[in-house]
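Could you walk me through this structure in my viewer? I would like to know what to select at each stop and what I will find there.

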Amino acid sequence: MFATVNVERPDPRLARAWLEASVTHLFPDLWALPRAGHVTVTPYEDGPINTWKRTPERWEQALAALDQPDTIPETVSVGLVQGERFGRASAGWASDRGVELGAGTSNDADWFGFLVSLLADANPSYGQVSSSAEGASTYTELDMALLRHARESFVAGRTALRGYSWITVVPAELAGRVDPSTMHRTASLPGGGLILQATATPAEYDEAAVCKVFRAVAQALPPGLPKQPPARNLQVVFEDASTVG
């Protein structure tokens, strides 16, 4: 499973909390392995990529880099692998795409609870949790289907929803254009946003469930007819959202 959350402006507190909660709540078994994995810090855009074996000291140094709002690093990330199991988390900043928080793990995890707790004091412009590896991309699956640049959908993220998935985070500005009644579970964020979970488990997120989410959020989606790109298997509905009544 892969999660992505977008925020327009640097938020060192949120970035640090995201990384700390990811390793302790999403893949604590891998995190408990002594000196397993790597920590990476890129101090500025196109700067050197500094990667170290994970140690308590290196991890704290990486987190401490987030405590300097005037010099927030371009990326801070951690990755752990053991056999077929993996866990990773990242906080990245790009001047044209704001803050992108990412996490992924092969473990079963309470992704809904994770997002509710982490985003309680935030005002995200978009977020998703997907079982598809496409969900780990800066581009949403809807971006790919609409042949749209990620920056374009990010900039317009509070006027048109960037996409939708098994779990979708809807910004406050678009919450009134979404019908959450058909979702398995929903949560309202204090800032006015919504978190929608389509089905009880990712395995149940089949074609019918994708259609259900599409119709629930259609009024918040951008117009345009999505198309399936070659060699892709995008989990989107290939209808123009503007035609949905």
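Here is a short tour of the pockets, the cavities and one arginine. Keep in mind as you go that this is a predicted model.

**Stop 1: the largest pocket**

Start by selecting Thr75, Ser90, Gly92, Glu100 and Gly102, which lie nearest the centre of the largest pocket. The whole lining is made up of 31 residues, and the pocket has a volume of about 520 Å³. To see where the walls come from, colour strand S1 (2-7), strand S2 (38-42), strand S4 (75-82), S5, strand S6 (98-105) and helix H6 (150-155), each of which gives two or more residues to the lining. Which element gives the largest share of this lining? That is S5, with seven residues. If you colour the lining by class, you will find 12 nonpolar, 14 polar and five charged residues.

**Stop 2: the largest cavity**

Next, look for enclosed space. Rolling a probe the size of a water molecule over the atoms shows where empty space is left. How many cavities of 30 Å³ or more does the structure hold? There are two.

For the largest cavity, select Pro10, Asp11, Ala15, Leu66, Ile72, Pro73, Glu74, Ala91, Gly92, Trp93 and Val99. These residues surround about 50 Å³ of space. Strand S5 (residues 85-94) turns up again here, giving the most to the lining with three residues. You may also recognise Gly92: this residue lines the largest cavity and is among those nearest the centre of the largest pocket. By class, the cavity lining has eight nonpolar, one polar and two charged residues.

**Stop 3: the second largest cavity**

Now move to Leu142, Phe214, Leu221, Pro222, Gly224, Pro226, Glu239 and Ala241, which line the second largest cavity. The space inside is about 30 Å³. Its lining divides into six nonpolar residues, one polar and one charged.

**Stop 4: Arg54**

For the last stop, select Arg54, in the loop between strand S3 (50-53) and helix H3 (56-64). Is Arg54 buried or exposed? Arg54 is buried, yet has no salt bridge. Show Glu57 as well: this is the nearest side chain of opposite charge, and it is 9.5 Å away.

What, then, lies beside the side chain of Arg54? Display the backbone of Leu33, whose oxygen lies 2.7 Å from a polar atom of the Arg54 side chain. Then add the backbone of Ala36, where the oxygen also lies 2.7 Å from a polar atom of that Arg54 side chain.

Key
Residues are numbered from 1 along each chain as its sequence is written. This is a predicted model: local features need pLDDT of at least 70, side-chain atom pairs count only at pLDDT 80 or more; totals for chains, interfaces and linings use all residues. Side-chain values use heavy atoms; hydrogens and water are left out. On a 1 Å grid over the protein atoms alone, a cavity is a set of points where a 1.4 Å probe fits but cannot get out, and a pocket is an open set with protein on both sides within 12 Å along at least five of seven lines; lining residues have an atom within 4 Å of a point. Grid points are joined across faces, edges and corners, and a volume is the space filled by probe spheres set on the points. Helices (H or I, at least four residues) and strands (E, at least two) are DSSP runs, numbered from the N terminus. Ala, Val, Leu, Ile, Met, Phe, Trp, Tyr, Cys and Pro count as nonpolar, Asp, Glu, Lys and Arg as charged, and the others, Gly among them, as polar. Buried means under 20% relative accessible area, exposed over 50%, partly exposed in between (1.4 Å probe, protein chains only). Lys and Arg count as positive and Asp and Glu as negative; His and the chain ends are not counted. A salt bridge is a side-chain nitrogen of Lys or Arg within 4 Å of a carboxyl oxygen of Asp or Glu. A polar contact is a pair of N or O atoms within 3.5 Å; within protein, one must be able to donate a hydrogen and the other to accept it, and residues adjacent in sequence count only if both atoms are side-chain atoms.
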